[in-house]
Amino acid sequence: SADTESHSFRPLAGTTRAYWWRTALLMTAYVGTIVLGGLAGPRIDSLLLRSALVLLPVLPVSGYVWLEYRRILATDELRQRVELEAATLALGMGIPVLLAFGLLDDADILQVDALLATPLLLTVYIGAQWWAHRPWQ
């Protein structure tokens with residue numbers, strides 16, 4: 001039917017060439033600021049400057065979150081509902097996993113690098129996106 005065709009679910013609906021360029025730029029900035037903080041951070045004596053440097057990766061990650069938010073707002077209501085379901089699933093799975101890693105690390109059972117939190121949550125979000133889109137594929 002025409003209604004079914006209007007709601008065909010392409011992966012990441014609402015994306016444009018500009019979206020992908022911005023995503024590539026933000027992820028490149030993220031990796032670059034992580035490397036810069038790791039290389040230069042220990043050499044800076046000023047606590048304020050060192051803190052500013054190692055916190056730089058927060059900016060491109062925040063930019064990506066804003067970019068995703070804008071992408072989702074540009075879609076129709078059904079897509080927004082599916083995206084909300086995916087985000088809720090990701091949050092519901094991600095928080096217990098990060099809590100478990102933190103508790104295991106705190107008990108000296110498993111050493112976990114805190115920098116794994118961002119890629120881990122993004123991986124969980126991608127899995128939740130797949131799960132939420134299943135009924136529409």
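Let's start with helices H5 and H6, whose axes come within 8 Å and cross at roughly 140°. With that angle, H5 counts as oblique to H6. The handedness here is right: H5 passes H6 in a right-handed crossing. Please keep in mind, everyone, that this is a predicted model.

Now, what sits around that pair? The largest nonpolar core has eight residues, and they are Ile72, Val82, Ala86, Ala90, Val124, Tyr125, Ala128 and Ala132. Helix H5, residues 77-106, and helix H6, residues 117-133, each supply at least two of them. Which helix gives the largest share of this core? That would be H6, with four residues. As a general reminder, in soluble globular proteins nonpolar side chains tend to be buried together.

If you would like one residue to click on, take Ala128, which belongs to this core. Setting aside its neighbours within four places in sequence, Ala128 is in contact with Ala86, Leu89, Ala90 and Met93. Two of those names, Ala86 and Ala90, are also on the list of core residues.

Let me stay on H5 for a moment, because there is a polar detail too: Arg79 is found in this helix and is buried, its relative accessible area being 4%. What does its side chain touch? The side chain of Arg79 makes a polar contact with the side chain of His133, at 2.9 Å.

Next, the loop between H5 and H6, where you will find Asp108. This residue has a positive phi of about 60°, although it is not a glycine. Is Asp108 buried or exposed? Its relative accessibility is 71%, so Asp108 counts as exposed.

H6 has another partner to look at, helix H4, residues 58-73. The axes of H4 and H6 come within 13 Å and cross at roughly 15°. With such an angle, H4 is roughly parallel to H6. This time the crossing is left-handed, as H4 passes H6. Who meets whom here? From H4 we have Val61, Tyr64, Glu68, Arg71 and Ile72, and they meet Thr118, Leu122, Tyr125 and Gln129 in H6. You may recognise Ile72 and Tyr125, since both are members of the core I listed earlier.

Let's move towards the start of the chain, to helix H2, which covers residues 17-40 and includes Val35. Thr33 lies in H2 as well. How do these two compare in exposure? Thr33 is buried, with a relative accessible area of 15%, while Val35 is partly exposed, at 44%. Beyond its neighbours within four places in sequence, Thr33 is in contact with Leu56, Pro57 and Pro60.

I also have two distances for this part, both C-alpha to C-alpha. Val35 and Val54 are 19 residues apart in sequence and 9.4 Å apart in space. Leu47 and Thr33, on the other hand, are 14 residues apart in sequence and 17 Å apart in space. Leu47 has its place in helix H3, residues 47-54. With 58% relative accessibility, Leu47 counts as exposed.

To pull it together, friends: H6 is crossed by H5 at roughly 140° and by H4 at roughly 15°, and H6 gives four residues to the largest nonpolar core. If you rotate the model yourselves, Arg79 and His133 make a nice pair to find, with their side chains in polar contact. Thanks for listening!

Note on methods. Residues are numbered from 1 along each chain as its sequence is written. This is a predicted model: local features need pLDDT of at least 70, side-chain atom pairs count only at pLDDT 80 or more; totals for chains, interfaces and linings use all residues. Side-chain values use heavy atoms; hydrogens and water are left out. Helices (H or I, at least four residues) and strands (E, at least two) are DSSP runs, numbered from the N terminus. Buried means under 20% relative accessible area, exposed over 50%, partly exposed in between (1.4 Å probe, protein chains only). A nonpolar core is a set of buried Ala, Val, Leu, Ile, Met, Phe, Trp, Tyr and Cys residues joined through side-chain atoms within 4.5 Å. Contact means heavy atoms within 4.5 Å. A polar contact is a pair of N or O atoms within 3.5 Å; within protein, one must be able to donate a hydrogen and the other to accept it, and residues adjacent in sequence count only if both atoms are side-chain atoms. Axes are lines fitted to C-alpha atoms, for helices over the stretch in contact, and angles run from 0 to 180 degrees between N-to-C directions. Angles under 35 degrees count as roughly parallel, over 145 as roughly antiparallel, 65 to 115 as roughly perpendicular and the rest as oblique. A crossing is left-handed if the near helix is turned anticlockwise from the far one by less than a right angle, and right-handed if clockwise.
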